Amino acid sequence: MQTVLSVDIGTSSLKAALINEKGQLSGYGRCQFLLKSTEHAAREWEEALKEAVAQIQQTCSCKPDAVCISGNGPTLVSTDGSTLLWNEETSFTHKSSLFIPRLLAFKKKYPSSWQKLKSILSGPEYLIYRLTGKSVTILPEKRFQTAYWNDEMLYQAGLSEVKEKLPSFVSPGAMAGTLNEEFAKKLCLPQGTPCFCGAPDFVSALVGTATLAPGRLCDRAGSSEGLNLCTSEPFTSSGIRTLPSVRDGLWNASVLLPRSGSCFSEMKLKLERQCGHEIAFSSLVDSLLQEVHSAKTRDSLSQEARLLLQIASSIKNGVELLKENAALKNMSPITEMTVTGGQSLHSGWNQFKADLTGLKVNVLSIRDAELLGDAVFAFTGMGLFASLTQAADSLCRIEKTFLPASSVNYGGDLFDSL
């Protein structure tokens with residue numbers, strides 16, 4: 001049975017998984033970064049990958065038939081490893097491109113590197129370059145080009161001189177090259193292993209939840225959160241960001257909740273400092289949900305439970321906004337939602353989402369959708385499936401479904417003033 005080593009570069013860690021053509025997880029590794037948010041962040045990715053692969057090799061034989069890499073964007077990295085992370089603030093703006101402001105910021109921050117650079121790449125493309133020696137730019141779908149660049153956009157931004165340093169566009173699932181001798185030895189993997197292109201992490205996550213048909217909804221939840229609905233027409237409502245789908249002719253309508261997870265993490269850290277010991281995430285959520293379920297009024301809740309309700313309320317309102325816009329487009333009613341990311345590990349929170357939204361909440365057997373999306377890209381590129389849609393429908397396996405309660409009473413004013 002063929003396997004793919006899927007790799008995803010996050011903001012604070014690198015994750016890797018060995019996934020077979022049946023959508024089964026054979027091994028998993030994760031390495032935290034020490035140099036996150038620094039100008040040399042990318043230089044740590046190779047060692048992080050080595051550590052993650054070593055973790056996999058402790059539990060199984062890691063001899064994949066292919067490697068596929070995704071990662072956060074629009075991070076920029078030059079071939080010398082100078083890094084401008086996606087979340088670093090910049091004063092530059094552009095009406096459509098996500099990358100031109102980053103290119104201008106990179107030029108300003110690293111003038112010496114800018115003059116000498118051979119190529120400038122995004123995060124996953126830099127790691128592909130290091131593993132294979134090949135430079136590419138992954139364009140999720142042709143309609144994304146205005147979010148990247150073209151010759152005219154570069155000229156208007158005063159960036160014509162960098163045009164030759166930006167590698168040609170390729171599609172997710174394209175084979176970028178093969179694993180070179182240096183990194184084959186370093187990673188203890190077969191030299192010549194094909195290396196396939198993944199995508200920006202949010203695109204990989206949509207593919208890894210099979211959110212590739214109109215009406216399919218996923219909740220990608222971690223430090224930040226995004227509710228993503230696949231549509232046949234673009235939505236134009238305020239509060240919704242619409243981008244092309246990786247599938248030709250379709251769109252992705254998103255409601256972004258930028259700090260849902262990080263706010264909760266900050267609150268958890270504050271409580272840990274107050275009590276002097278670590279608090280398990282699951283235990284904290286359980287206690288707060290119990291408090292919410294038994295509350296009669298919002299005023300009777302603790303500050304922590306109110307924060308939980310604020311997060312829940314934003315999810316509920318986001319789902320309602322997408323439902324309303326779907327109805328205006330005469331789409332079929334939305335009845336279920338797939339959840340992914342760290343928050344999907346908590347059963348009580350999944351049930352709470354189901355109760356609040358009135359949707360069936362599905363949890364996949366592989367919770368890291370970016371890694372599963374990478375496997376979809378690679379297996380499609382290898383020719384095992386005829387399309388991304390076919391591969392995603394085959395590999396994305398539902399492990400558990402949470403059904404909304406027929407009647408839930410949280411108290412009259414719990415949500416009224418949120």
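Two strands count as paired here if DSSP finds at least two bridges between them. With that in hand, take strand E5, residues 76-78, and E7: they pair in the antiparallel sense over 3 bridges. One spot to click on is Val77, which stands opposite Leu121 in E7. These strands belong to an open sheet of 3 strands, in the order E6-E5-E7, with antiparallel pairing. Its edges are strand E6 (83-84) and strand E7 (120-122), each pairing on one side only.

Okay, before I go on: this is a predicted model, so please hear everything I say in that light.

Let me zoom out to the whole chain. We have 418 residues, and for that length a compact globule would have a radius of gyration near 22 Å; the chain has 22 Å, so the two agree. Along the principal axes, the C-alpha trace spans about 65 × 50 × 50 Å. The secondary structure comes to 13 helices and 18 strands. Buried residues make up 53% of the chain. As for the accessible surface, that is about 18200 Å², with 49% of it belonging to carbon and sulfur atoms. And if you take contacts between residues at least 6 apart in sequence, 67% of them join residues at least 24 apart.

Now, the inside. In soluble globular proteins, nonpolar side chains tend to be buried together. Here the largest nonpolar core has 41 residues, and the members touching the most other members are Leu229, Phe264, Leu322, Met337, Trp349 and Phe352. Quite a list of elements supplies at least two residues each, among them strand E13 (225-231), helix H8 (260-275), strand E16 (336-340) and helix H11 (347-357). Which element gives the most to this core? That would be H10, with 10 residues.

There is also a second, separate core, this one of 36 residues, and it includes Leu5, Cys31, Ile138 and Leu187.

Back to the largest core, and to Phe264. Setting aside neighbours within four places in sequence, Phe264 is in contact with Phe281, Leu284, Val285, Leu288, Leu307, Leu308 and Ile311.

Follow that last one. Ile311 sits in helix H10, and it is buried, with a relative accessible area of 7%. With the same sequence neighbours left aside, Ile311 is in contact with Ser260, Phe264 and Trp349. To get a sense of scale, pick Ala392: Ile311 and Ala392 are 81 residues apart in sequence and 30 Å apart in space, C-alpha to C-alpha.

Next stop, strand E12, residues 217-221. Is E12 mostly covered or mostly open? Mostly covered: 4 of its 5 residues are buried. E12 pairs with E13 in the antiparallel sense, over 5 bridges, and a hairpin joins E12 to E13 through 3 residues. E12 is also joined to E16 by 3 bridges, and there the strands run parallel. Arg220 shows both pairings nicely: its bridge partner in E13 is Gly226, and its bridge partner in E16 is Thr340.

Arg220 also leads us to Asp201, in helix H7, residues 201-207. What does Asp201 touch, not counting residues up to four places away in sequence? The contacts are Asp8, Gly71, Asn72, Gly73, Arg220 and Glu370. Asp201 has a relative accessible area of 15%, and the cut-off for buried is under 20%, so Asp201 counts as buried. Then look at Asp374: Asp201 and Asp374 are 173 residues apart in sequence, yet 9.3 Å apart in space, C-alpha to C-alpha.

Last topic, cysteines, for anyone thinking about gels. A disulfide is a covalent bond between the sulfur atoms of two cysteines. How many does a search of the whole structure find? The search finds 0 disulfides. Take Cys275: why is there no bond from its sulfur? Because the closest cysteine sulfur, in Cys263, is 20 Å away, too far for a bond. Cys275 counts as partly exposed, at 37% relative accessibility. Cys31, on the other hand, is buried, with a relative accessible area of 16%.

That's my tour. Happy to go back to any of these spots on the screen.

Conventions. Residues are numbered from 1 along each chain as its sequence is written. This is a predicted model: local features need pLDDT of at least 70, side-chain atom pairs count only at pLDDT 80 or more; totals for chains, interfaces and linings use all residues. Side-chain values use heavy atoms; hydrogens and water are left out. A nonpolar core is a set of buried Ala, Val, Leu, Ile, Met, Phe, Trp, Tyr and Cys residues joined through side-chain atoms within 4.5 Å. Buried means under 20% relative accessible area, exposed over 50%, partly exposed in between (1.4 Å probe, protein chains only). Contact means heavy atoms within 4.5 Å. The radius of gyration is taken over C-alpha atoms; the globule rule is 2.2 Å times the number of residues to the power 0.38. Accessible areas come from the Shrake-Rupley method with a 1.4 Å probe; for residues, only the protein chains shown count as cover. A disulfide is a pair of cysteine sulfur atoms within 2.5 Å.
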